[in-house]
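Here is a small set of exercises with worked solutions. Have the model open beside you and try each task before you read on.

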Amino acid sequence: MKYSWILLFVLLGCVPEPIPLDIEQAESKIVVSTQAIPNQGMVVILTRSFSALSDGTEGSFNQSDVQQYLVTGANVTVASQNEEVTLQELTEGLYGSIALLQESGKNYNLKVIDAQEGKTVTASTQLQDAVGISNATARIDQQETTSIWLRLGFDFNDPIGKNYYMLNAYVNPSPPDFQGLLGGFGGLGGIGSIGGGEDIGGNTAGGPPSSRIPGLSNLFSDFSATWILNDEGRDGQQIQEERIIYNIDVVPGDVVLLTLSNISEEYYFYLQAREKSKSAIPFVTEPVTLPSNIEGGYGIFSMHYPVPFTITLQ
């Protein structure tokens with residue numbers, strides 16, 4: 001026992017004095033996220049980044065914390081050739097327009113002027129040719145463990161050339177009334193629960209909307225999921241795929257909306273990196289850097305047209 005005490009004193013004597021560190025916090029920048037609403041329009045979500053050393057990461061992250069990182073009162077425009085559209089602020093941090101024309105092959109330029117911080121961010125992207133689903137199926141698969149799987153099958157014709165795709169699945173969708181919002185007659189009832197963009201992969205369970213920023217994934221549906229794919233080894237062919245959503249609460253009569261978007265290469269690799277970052281373990285796995293096409297900020301500006309395909313579950 002006496003040797004244990006001696007060892008303890010030796011170890012305590014080896015503890016170095018704490019070294020004071022003065023680490024400068026990262027500059028807060030505008031974070032851009034975009035969402036296209038089929039046959040409705042598009043929205044741009046603007047938030048502010050914060051340092052990992054700031055109070056925003058300590059303890060719980062509640063709604064009041066979220067509000068301070070929403071960019072309000074900004075001037076947001078999207079221009080293409082001689083046309084420029086100003087997006088209206090639908091609610092704090094959320095800007096939208098139904099007047100924005102989406103023509104494939106055209107370059108679109110985003111400009112955000114943040115009057116509060118005196119900052120401007122810009123970005124450019126090109127709208128790819130629309131590609132729609134030819135046929136699709138959705139089948140409820142009841143498991144012996146009483147859990148429910150939703151099996152989705154779909155196929156589409158891939159155009160010649162390198163293409164990247166995003167598939168979204170929505171259960172019981174109810175898109176917001178953009179006409180009413182832009183006319184000042186309505187609101188987004190679930191806007192306090194802005195979702196976290198697209199959740200890549202189907203190994204998720206249904207439930208209430210996420211409270212993460214930025215995105216709109218569950219804002220207008222009971223559940224949503226997103227997958228990315230490309231045409232490697234299948235260029236110009238008919239592509240057939242199957243996806244499974246595990247542990248989801250669906251019944252016959254529910255409506256499943258599938259949307260297929262032909263997306264840019266930079267948006268594809270952004271989504272791929274974001275999915276990889278979700279499984280990263282601090283100090284164990286290699287850090288993941290999200291690519292960005294935003295000059296002066298973070299995030300991604302993407303113009304893509306989601307072609308819808310609706311299925312009623314039997």
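## Exercise 1: Two loop residues

Q81 has a relative accessibility of 71% and therefore counts as exposed (exposed is over 50% relative accessible area, buried under 20%, partly exposed in between, with a 1.4 Å probe and protein chains only). Before going on, note that this is a predicted model, in which local features need pLDDT of at least 70 and side-chain atom pairs count only at pLDDT 80 or more, while totals for chains, interfaces and linings use all residues. Residues are numbered from 1 along each chain as its sequence is written, and side-chain values use heavy atoms, with hydrogens and water left out.

Task: find where Q81 and N247 lie, and describe their phi angles and the exposure of N247.

Solution, step by step:

- Start with the place of Q81: the loop between strand 3 (75–80) and strand 4 (83–91). Helices (H or I, at least four residues) and strands (E, at least two) are DSSP runs, numbered from the N terminus.
- Next, read the backbone: phi of Q81 is near 55 degrees, a positive value in a residue other than glycine.
- Keep the usual case in mind: most residues other than glycine have a negative phi.
- Now turn to N247, in the loop between strand 12 (238–245) and strand 13. N247 is not a glycine either, yet has a positive phi of about 50 degrees.
- Finally, the relative accessible area of N247 is 43%, so this residue is partly exposed.

## Exercise 2: The eight-stranded sheet

Task: work out the strand order of the open sheet of eight strands, and then look at its edges.

Solution, step by step:

- The order is 7-6-3-4-5-2-1-14, and the pairing is mixed. Two strands pair if DSSP finds at least two bridges between them.
- At the edges stand strand 7 (119–126) and strand 14 (298–299); each has a single partner strand, so one side of each is left without a neighbour in the sheet.
- At one edge, strand 14 pairs with strand 1 (residues 30–37) in the parallel sense over two bridges. V32 has G299 of strand 14 as its bridge partner.
- At the other edge, strand 7 and strand 6 (residues 107–114) pair in the antiparallel sense over eight bridges, with V112 opposite V121 in strand 7.
- Strand 6 and strand 7 form a hairpin with four residues between them, and G118 in the turn has a positive phi of about 70 degrees.

## Exercise 3: The four-stranded sheet and its helix

Task: give the order of the open sheet of four strands, and say which strands helix 4 lies across.

Solution, step by step:

- The order is 11-10-13-15, with antiparallel pairing. Strand 11 (223–230) and strand 15 (307–312) are the edge strands, and each pairs on one side only.
- Neighbouring strands here are turned by 20 degrees against each other on average, direction ignored. Axes are lines fitted to C-alpha atoms, for helices over the stretch in contact, and angles run from 0 to 180 degrees between N-to-C directions.
- Strand 10 (residues 164–171) pairs with strand 11 in the antiparallel sense over eight bridges; N168 has T226 as its bridge partner in strand 11.
- Helix 4 (residues 265–278) lies across strand 10, strand 11 and strand 13 (255–263), at about 60 degrees to strand 10.
- Y270 sits in helix 4 and counts as buried because its relative accessibility is 10%.
- Leaving aside neighbours within four places in sequence, Y270 is in contact (heavy atoms within 4.5 Å) with L290, P291, G299 and I300. Y270 and P291 are 21 residues apart in sequence, and 5.5 Å apart in space, C-alpha to C-alpha.

## Exercise 4: The cores

Task: find out which strands supply the largest nonpolar core.

Solution, step by step:

- A nonpolar core is a set of buried Ala, Val, Leu, Ile, Met, Phe, Trp, Tyr and Cys residues joined through side-chain atoms within 4.5 Å.
- The largest such core has 26 residues, and those with the most contacts inside it are L150, L152, F156, L167, I245 and L258.
- Strand 8 (135–142), strand 9 (148–157), strand 10, strand 11, strand 12 and strand 13 each supply at least two residues of this core. Strand 9 gives the largest share, five residues.
- A second, separate core of 22 residues includes V44, A74, V78 and L87.
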